[in-house]
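Thanks for coming. I have one model to go through today, and I will keep to what can be read from the coordinates. Please have the structure open while I talk.

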Amino acid sequence: MTQRIRNRSVLYNHRPFTGQGVSLYVAADAARVNYRRTRIVGGGRSRRRRRWIKGTGGDFDIASSMTKTARVGTVTHPTAQIVYALPAELLPVLPETEQDVTFDLRHFKDDVESEVSNYRTVRVTVDNSGNEVLEIRGSARLLSQEPRVGGVVRLRFRYLPARDGVQPTQFVATRTAGPTSPADATVTYGGERIIEIDTPALSDASPYTYTIRVENGATTQDLLTGIGVQADATGPPAPINGSTETK
């Protein structure tokens, strides 16, 4: 007669990272993405510990129910696209509201997954229907304001594009206050970091206030606001007379 005693040690035989591919992870709002499913398996005397026990007292398949990863999708090499439909719990509850959803991709190969956590994640804003709300999320820093001849002022700034959101196609300098009403000044964006916009001829009777806006079709965003601009429409006086001397 042979007596068999069930071993209470748990053998985790789930291997989610075999082969080579990419895993997709998702988190609501701007929270840090969770990559692992941390569980306590087995008995425990404290009530707090027993709440995390997987199972209801019977036998269960550890390989399928005790997963080691919190990913929501995966593809194997050489597939380069993951199709993922946002579940209802990641959408805003009320109509006409928005919510941020953070996405991250991590590579794996031969049972080893990338250990880089929450680096270069992508944030997407969605509405109650799951549609993306388009935004331009880059930022800028004003570098200088250079008065030019004839009342023109050159605005120079550094643009820092965002990894997510919509990339701009043009920058627009708009007068919001001042003695005259000049037209907007527009420059096309081609990936430059230093942007220069020349205003139309301005009056030097009093300062202007300008706003620089980024645009991509109907998607717009104020980038720099409250820029004080003082033009020099008169310039230095012309010389009255002069002479030369040979040495």
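**V229 and its surroundings**

Let me start at one residue. Outside its neighbours within four places in sequence, V229 is in contact with Q145, V153, L155, L202, P207, Y208 and Y210. V229 belongs to strand β12. Is V229 buried or exposed? With a relative accessibility of 1%, V229 counts as buried. One of those contacts is worth a look along the chain: V229 and V153 are 76 residues apart in sequence, and their C-alpha atoms are separated by 7.5 Å.

I should say now that this is a predicted model. Please keep that in mind for every value I quote.

Now the chain as a whole. It has 247 residues, of which 30% count as buried. There are 2 helices and 12 strands. Going along the sequence, the pattern is β-α-α-β-β-β-β-β-β-β-β-β-β-β. Among contacts with a separation of 6 or more, 63% are between residues 24 or more positions apart. The chain exposes about 16600 Å², and carbon and sulfur atoms supply 48% of that area.

Back to β12 and what it pairs with. Strand β12, residues 219-229, runs antiparallel to β11, and 8 bridges join the two. One of the residue pairs there is Y210 opposite I227 in β12. The hairpin of β11 and β12 has 2 residues between the strands, and G217 in that hairpin has a positive phi near 65°.

Strand β11 has another partner to mention. Strand β8, residues 170-177, is joined to β11 by 7 bridges, again antiparallel. Here R175 has Y210 in β11 as its bridge partner. How much of β11 is buried? Strand β11 covers residues 208-216, and 7 of its 9 residues are buried.

Staying on β8, look at T174, which lies in that strand. T174 has a relative accessible area of 16%, so it is buried, the cut-off being under 20%. Its contacts beyond four places in sequence are D184, T209, Y210, T211 and R213. With R213, the T174 side chain makes a polar contact, side chain to side chain, at 3.2 Å.

Next, a sheet with edges. Three strands form an open sheet in the order β6-β7-β10, with antiparallel pairing. Which strands stand at its edges? They are β6 (139-147) and β10 (194-198); each has a single partner strand, so one side of each is left without a neighbour in the sheet. On average, neighbouring strands of this sheet are turned by 25° against each other, direction ignored. Strand β7, residues 153-160, pairs with β10 over 5 bridges, and F157 has I195 in β10 as its bridge partner.

Salt bridges come next. The count for the model is 11. R154 and E196 form one of them, at 3.8 Å from N to O. R154 lies in β7 and E196 in β10, so this pair ties together parts that are 42 residues apart in sequence. R154 also meets D198 in a salt bridge, at 2.7 Å from N to O. D198 lies in β10 as well, so its pairing with R154 in β7 ties together parts that are 44 residues apart in sequence. Both acids are partly exposed: E196 has a relative accessibility of 37%, and D198 one of 34%. What else is in this network? R156 is, together with R154, E196 and D198.

Another salt bridge joins R148 and E146, with the closest N and O atoms 3.0 Å apart. R148 is partly exposed at 35% relative accessibility, and E146 is partly exposed at 26%.

Last, some backbone details. Most residues other than glycine have a negative phi, and most peptide bonds are trans. D111, in the loop between β3 and β4, has a positive phi of about 70°. D111 is partly exposed, with a relative accessible area of 38%. R120, in the loop between β4 and β5, has a positive phi near 55°. The peptide bond joining H77 and P78 is cis, with omega about 10°. P78 sits in the loop between β2 and β3.

Notes: Residues numbered from 1 in each chain as written. Predicted model: local features only at pLDDT ≥ 70, side-chain atom pairs only at ≥ 80, totals over all residues. Heavy atoms only, no water. Pairing = 2+ DSSP bridges. Helix = DSSP H or I, 4+ residues; strand = E, 2+ residues; numbered from the N terminus. Axes fitted to C-alpha atoms, helices over the stretch in contact; angles between N-to-C directions. Buried < 20%, exposed > 50% of the residue type's maximum accessible area, 1.4 Å probe, protein only. Contact = heavy atoms within 4.5 Å. Areas by Shrake-Rupley, 256 points an atom, 1.4 Å probe, with all protein chains shown as cover. Polar contact = N/O pair within 3.5 Å; in protein donor to acceptor, adjacent residues only side chain to side chain. Salt bridge = Lys/Arg side-chain N within 4 Å of Asp/Glu carboxyl O.
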